[in-house]
Each structure stands twice: as structure tokens, then as C-alpha cells.
Amino acid sequence: MCSIIGYLGLNQAAPIIVKGLKRMEYRGYDSVGVATFSDNQIVVRKGVGKVIEVNKAAKLDELSGNVGIGHTRWATHGMVTDTNAHPHPSSTGEVAIVHNGIITNHEELKQDLQQKGYAFKSQTDSEVIANLLQYHYDKTRDIKQSVVSTVADLRGDYAFVAVFEDGTLAAARMHEPLIIGIGKEGYFISSDVLGFVENTDEVIYLDNREFVIISKAGLHLFDFDANPVQHQITKVSKEFADVYKGEYAHFTLKEINEQPVTIMNAGMNTQLELDLATDFIRHARTLYITGSGTSYNAALVAKFLFSKYAKIKIEPIISSEAHFSPDIFEQQSILIALSQSGESADVLEAVNIAKGSNAKIISIVNIMTSSLSHLSSIAIGLGCGPEIGVAATKSFTAQLAILYKIVDKICGGCLGLDLARVSEAAKKSLADDSKIKEIAKKLKDVSDIYVLGRGIHYPIALESSLKLKELTYIHAEGLPGGELKHGPLALMDNNTYVIMINPDDSTYSDTLTSAREIKARGAKVIGISDKPSDVYDYWIEISKIDESMYPLVEIIPIQLLAYYAAVEKETDPDYPRNLAKSVTVK
Ligand code: F6R
């Protein structure tokens, strides 16, 4: 959701903070702000827009001082306005805070603080933290005690960093990520290592219900009951430093193009965990799989693979729905949780509900230090490197590759899994994208796109429509081919574009029949297939491959199509409006 960062050290804080915010903008990006401490006062600059825009207008990186905090916002409470942007100073200006998460009891706290004379300017839930810290600080003039009393009052999931009038930083964590970076020339505290990885790879992961106080005197860690705590310093993987776009115009394009490698590497760094998980799954009495958005679409592919090839039933559960069917998990079952970030609040909730029924959790996750990894009995790493583009691309195919590996092991190699061949097929799709670019130009002014697939291609149709929606803002809908005649055919006319996922497998002829029915109503048909047909107005060729492997190959040209259509529409493919990479609120 939002990203927060703090710095205290020998260097000017603002340029370091602004650079960190740019790296973390994937988490939320509707407004930005920085506050620094200098000449015995806290100065705040903030505004609506991306980091680069607000920095240009408000000169965030020119604020002086060796201590500071910063924020990129993804609005939850209050409109996207300059006033609602963070940092929020307390009413006396002696404290300023940046916050990620939601304070569920902010209304009562606000009323109470207003009665005590503390003034509020914004419509956010966050401002209450600033005034609450100020209130306790006014009573005690003790920063540690103020934090302890503040976190005792707050309800909800949150992480915040505060700067105090004497240049001390304080930061607390309650179910939202917070990582301390220990550099040679200063301390960092951030929602993500990307916020400071250029400066140091030595980190401390704060646990829930812990806080840190950072001052010139050093760094001190406590739990919410004020007891000192100790943590090991760990080194983060150098791969986090590899987050530049390089020759690519956007991270999304770079990440789509990385797939021939990331598909091959999926799960490689956690081979033992993968073997162990496979054994558990093989012997599971009841098996569930959960995820949100793209990760849920991967779960739907898993359902098909497990039943057809491993002869195992697995029930996919949309993570955000688990709350409404709490009895869904049978005792002693296994839940496979899919998540790129490992921080999606909905996924974590589903996992906690399953744990309540004594389920064993196997996660397939990209961020191995995430909350989901910690909650799992076994965590298998996607190993696809940081995914910065908000739309999931390489993490989806890495999830699929791992699910294929598990199924292939269980069925004794019945898939004949050959990821090197898949990788070659992916390379071919990526090598010549000129036709896809041409089709993307046609989609620019279209208002509705339908994506059809049968069998295992239906979840890919859903994933394709999700990519098109997110990146192009065009209404897109994924449908099982056979359902066309039960209603959606009424929508087909000469303003409609339909993408048919139609590889030459057992679904081919039925899907081709649907294509003819659609064409007869005047709609334009885009065929994704290894076999040409006169019914396609546009044919996007994919490589021929074993029947079970097509999903990994056919999604790639559609990711590219969505990306190029976004470029044509001049939307920002890396940061689609209203979205965030890591959805840590419910
Ligand atoms: C789609 C997308 C989202 C995520 C969803 C789950 O492109 O990015 O739908 O897939 O928010 O996120 P993770 O996998 O991090 O739990």
C-alpha cells in the first residue's frame, strides 16, 4: 500500500529519502511527502502526484537536515489531496509521522484528542498517530514512553515512523512490514529493503509488536511492553539491487522479458522445501489453494493440473472470501497459499483462518522474508527477483512453473516437464513483437474485450482479462468458451474484440467453433494459437508444445499485448491508477 521510510545519519536525509521513495513507489503512488529535522524544527513538504512530479514542484530533495522521514501514499482514508498526503505533523509541530496501514479506532481517538485541544487538518486516519504521540510526549517528555502509550491506544494494522523535535526517530510495527537498514553512514527504516538497498545490505527485520528508537546515541529495540529486544543483523540478497529498468522503457516490459529465465529458475533456491511440500501434498487428506488476483488465477490452473495429472482434488479459495466461509477448512488439511508479495492482507487472513482449523500452510511466495513465509510450515520461493511493475507478470509464470513441478513429481513424471522447452517457446514469443504492437494500436479505442478459453485455458483467459483491465483500463472479461451461447453472445457486435486462447490441443475445435459464432456477429477475433485459421482477423502465433504446457506459453503474448495497448493509450504500465503492488489492507 503506502511506503514509509526514515533516515538518520551523516548525510543529507532528503535526497536519500526521495531516492528510496522512487524505488518503493510500486507500493502506492498517489501522493508523496518528506519531512526533515534541521535547525531545531521539523519542516514538511508534500503534494499530489508521483515522486518525480512532486519532487520537481516541491523540491523535496532540497530539504536540509541529517534526519528525515518520507512517504508515498495509496489513499484509504480521505481523498487524494495535498493535505491528506503524509507526513502529518502533530498540531504543535513537535512530532511528524508517516504511516502505512489502517487505524481502525481513529475516529474515537480523534474525538478524544480534539476534546483535549489537539487540532486536525486532514481526513486521514494517520494524523491521529501524530497527535497521540504528541499528547503522550506532552505528558512525559519521554519518547520511549510516548511510543509505548501510543501503541497501547492504537487498534488496527500499521507501521509508522515518527520524527521528534530533537531529531530522534521512532518507528513501530503491527502487522505491516518494517525493516531497519544498518549502513556505515547511517540508519534506515523502511517498508521494503528496496528503500535503502543501494546504501546497505545489512538489515534487521522488526517483529510485530516491536518498535525502534534511533538517535545519534544509536539504535534501541523494544517490544510494545517496553522490554528491550535483540535481533540478529541479516544480509539481504544482492538481487534486490538489480531493480533498474536497464534498456527497457518500463519495469513491466523488463519483467515480461525476463520470463524465459525466471520460468527455468522457479523454486530452484528452495529445492528441499519443494520436495518436502510435494510429499505433504501427496499424502494430504484435504487440500486447498488460495490467493488473490493473479495468484488466484494461478490457483485455478493448479486445480486443473492436480485433478487431471496428479489425480488429486484441490479446492481453490479466493482469499478475500475465506472470511465469509470460516468453516470451509477441514481439520488437519493442507492449504497452499500463493502470493508474490507475501503481504496481501486477504491471503494472510485466509491463512490464519486455515491455521485455526490446524491446517498446515505451504506457501509459494516471492518475498521470502514476508509475513506469509513466517506463517507457513514450508515456504517455497518463486525466485524470480523483485517484481516492480504493479501488474504481476513473471511472478505468475513462476507460480505456475512451481505448481507444474509439484504435479509432475506426484504423477511420477507424467507431464514430462521440460521447462527448457517452455523457456525456448517463451523466447520465441518475445523475439518478434511487431504484430502484437500492431494489434495493440487497434485496441486503443476499444471499450470491451472478451478473452475466451476452455479447460486449462479458462484461468489463462481470466488472467489475460485482468492484465488488460489493469494496464489499459479497458473493460475486459475472461469467459469459458462454452458459456458464450448461454449469454455473452448477446454482446458480440462489430465494436467488440475477442481474444481466443486456442492452442492446437483437445480444446481446439470447440474453441474454433466459438470463434466462428463470434465472427458471424461481426466481432473481431484475435487468435492465440500455434495453428493459423481463416477465422482469425489477427493471428498471434505461439510455439507448439506439449498440451499441458500451453498455459505458460500462451499468457506471454497477452501480457505483451496489454503492455503495448497501455503504451498506446499513454497510461503508465508500471503504475496503473488506483492500484498498489502489495495490498496490505482488507
Ligand atoms: C494483478 C496483481 C494483483 C495481485 C494480487 C495478489 O496483476 O498484481 O491482482 O496478483 O493483489 O498479490 P500477491 O500475489 O502479492 O498476494
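Student: In this predicted model, which helices each supply at least two residues of the shell around the ligand?

Tutor: They are helix 9 (293-310) and helix 16 (457-472). By domain, the shell draws at least three residues from each of domain 2 (248-417) and domain 3 (431-573).

Student: What makes a residue count as near the ligand, and which residues come nearest?

Tutor: A residue is near if one of its heavy atoms lies within 4 Å of the molecule. Of the 14 residues around the ligand, Ser339, Gln340, Ser341, Ser344 and Glu470 come nearest. The residues of the shell divide into four nonpolar, eight polar and two charged.

Student: Why is the approach of Ser341 to the ligand called a polar contact?

Tutor: A polar contact is a pair of N or O atoms within 3.5 Å. A polar side-chain atom of Ser341 lies 2.6 Å from an oxygen atom of the ligand, and therefore the pair meets that cut-off. The same reasoning holds for Ser295, because one of its polar side-chain atoms lies 2.7 Å from a ligand oxygen atom, and for Ala392, because a polar backbone atom there is 2.8 Å from a ligand oxygen atom. The protein covers 89% of the 400 Å² of accessible area that the ligand has on its own.

Student: What makes the peptide bond from His86 to Pro87 cis?

Tutor: Its omega is near 0°, and Pro87 is placed in the loop between strand 4 (67-73) and strand 5 (88-89). Most peptide bonds are trans.

Note on methods:
Residues numbered from 1 in each chain as written. Predicted model: local features only at pLDDT ≥ 70, side-chain atom pairs only at ≥ 80, totals over all residues. Heavy atoms only, no water. Polar contact = N/O pair within 3.5 Å; in protein donor to acceptor, adjacent residues only side chain to side chain. Areas by Shrake-Rupley, 256 points an atom, 1.4 Å probe, with all protein chains shown as cover. Helix = DSSP H or I, 4+ residues; strand = E, 2+ residues; numbered from the N terminus. Nonpolar A, V, L, I, M, F, W, Y, C, P; charged D, E, K, R; others polar. Domains from an automatic or database assignment.
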